[in-house]
Amino acid sequence: SIAGNGYLRVSGGTAQFDGTTTMNGRLILEGTGTLDGGTLGTLAAGTGYAEFINGGTSINGTLTSQTLLQITGSGTIGGTGTLINQGGTIAKLTGTATNLDISVDNQGGTWTNNTLSALSLTSGGSHTGAFTVTNGNVYLTGGTNVFADGSSVAGNGYLRVSGGTTQFDGATTMNGRLILEGTGTLDGGTLGTLAAGTGYAEFINGGTSINGTLTNQTLLQITGNGTIGGTGTLVNQGGTVAKLTGTATTLDIAVDNQGGTWTNNTLSALSLNNGGSHSGAFTITNGSVVLSGGTHVFADGAAVGGAGNFLLQGAAFEVGGGTVTLASPLNVQSGSLMGTGTLNTNVTNTNGTIAPGGALAPGILTINGDLALNSNSILDIEIGGTIVGTEYDQLQVTGTVSGSGGNFGTLNLTEILGY
């Protein structure tokens, strides 16, 4: 143990910990000294603390902290090793930016930052249990940070993903505040899920990318503007995606809705620009959600409802078999309405295309309601034989078909299958 009211200061050479050393006194880590985790090296909780002053210290091997580990001043703590916060507390008390330029694993540890400056984890790590930020901001700025199944983000502070890759393997519960900003990447890993808790996740000003499949079951806020891109898929599985402030936000990734809720408290667009597959209720409680690109396939039983607006501007709305219901009329402002099955709503084709079936795949599309057309409306029909639904397309309308000024637009007939 380290004990007493004085200070034991590591300012050079190597201090190696083999096994458990209890902090009943004051261990000061400063200058160019090196800490070595040795054999199961652990700073155990006691009545005292350890403290990094102004960076410069290096960590080699694996050093586990179960105690109060304070940081004062500024600078970088580097080395080739790993620091494990195992149920301890890492507290930045004073100074400007501090970088932990080593691998950092959190195992149920607590973090606090009492300054307005950054406390940054720059080299990634593996995280289990609760990652609790009680105050201020802790940044994940580089490397790969992997959150294990059963982990959580907790506390009244902010855990900010602003660089590197943050990977979720299994469910991570949002009991705190996870901020997604800058050029960081989210990776769905293995069944990656943001699970519902007492907190939220929040995209700020776009720039973040999503790779893999990331499932959202919590409150996922969007503030500011910009584009959220990547090669992955965001699945809103019973969660809520809420645009709270800012100008236009574009989700330029595949977005699947599985019984999720959407709200837009701004007058700007919240646009889904890369298609997706939708099942269950697609509820828009406020404002507008725009399908602006890609093909959005609505499965049998899908239902779009709520007090908000659902706009089709540039994307393809595909009835993916069976019956799809919209609580409000569908206005094809641009883009297309396609597919096979029944659409329960009134449709206005303002400046788009209605194409039963799919490309080189004839089908029957039924609009269970009225259809309003004008001079800019287009109806695409493929003909490859004499059997309806399998060799040629058909559009069925159970209500009234009307043309603005008697103009019903353009009918395009395309021969397929060598017909």
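**A walk through a protein of strands**

Threonine 122 is a convenient place to begin, since, leaving aside residues up to four places away in sequence, it touches Asn99, Leu100, Asp101, Thr141, Gly142 and Gly143, where touching, or contact, means that heavy atoms lie within 4.5 Å. The model in which we see this is a predicted one, so that local features need pLDDT of at least 70 and side-chain atom pairs count only at pLDDT 80 or more, while totals for chains, interfaces and linings use all residues. Residues are numbered from 1 along each chain as its sequence is written, and side-chain values use heavy atoms, with hydrogens and water left out.

Threonine 122 is located in the loop that links strand 18 (119-121) with strand 19 (125-128); a strand here is a DSSP run of E with at least two residues, a helix is a run of H or I with at least four, and both are numbered from the N terminus. From this loop, the side chain of threonine 122 makes a polar contact of 2.7 Å with the side chain of aspartate 101, and another, of 3.5 Å, with the side chain of serine 123. A polar contact is a pair of N or O atoms within 3.5 Å; within protein, one must be able to donate a hydrogen and the other to accept it, and residues adjacent in sequence count only if both atoms are side-chain atoms.

Stepping back to the whole chain, we find that the protein has zero helices and 55 strands. Its radius of gyration, taken over C-alpha atoms, is 28 Å, well over the 22 Å that the globule rule (2.2 Å times the number of residues to the power 0.38) gives for 419 residues, so the protein is more spread out than a compact globule. The C-alpha trace spans about 95 × 40 × 25 Å along the principal axes. Of the contacts in the protein with a separation of 6 or more, 24% are between residues 24 or more positions apart.

How do these strands come together? As a general matter, the strands of a sheet pair through backbone hydrogen bonds, either parallel or antiparallel. In this model, two strands are said to pair if DSSP finds at least two bridges between them. Eleven strands form an open sheet with parallel pairing, in the order 1-4-7-10-13-16-19-22-25-28-31. At its edges stand strand 1 (2-3) and strand 31 (209-211), each with a single partner strand, so one side of each is left without a neighbour in the sheet. Inside the listed order, strand 10 (residues 62-65) and strand 13 (residues 82-86) run parallel and are joined by four bridges, with leucine 63 standing opposite leucine 83 of strand 13.

Another open sheet, also with parallel pairing, is made of three strands in the order 3-6-9. Its edge strands, which each pair on one side only, are strand 3 (14-16) and strand 9 (58-60). Between strand 3 and strand 6 (residues 34-36) the parallel pairing extends over three bridges, and the bridge partner of glutamine 16 in strand 6 is aspartate 36.

Further along the chain, strand 33 (residues 219-223) runs parallel to strand 36 (residues 240-243), with four bridges joining them, and here glutamine 221 stands opposite alanine 242. Strand 36 also pairs in the parallel sense with strand 39 (residues 261-264), again over four bridges, and lysine 243 has asparagine 264 of strand 39 as its bridge partner.

What fills the interior? Buried residues, those under 20% relative accessible area (exposed is over 50%, partly exposed in between, with a 1.4 Å probe and protein chains only), make up 48% of the 419 residues. A nonpolar core is a set of buried Ala, Val, Leu, Ile, Met, Phe, Trp, Tyr and Cys residues joined through side-chain atoms within 4.5 Å. The largest such core has 77 residues, and Trp111, Trp262, Phe317 and Leu337 have the most contacts inside it. Its largest share, seven residues, comes from strand 46 (residues 309-326).

Among the residues that phenylalanine 317 touches beyond four places away in sequence are Leu291, Phe298, Ser336 and Leu337. Serine 336, found in strand 47 (residues 330-344), is buried with a relative accessible area of 15%. Glutamine 313, which lies in strand 46, is partly exposed at 32%, and its side chain makes a polar contact of 2.4 Å with that of glutamine 333.
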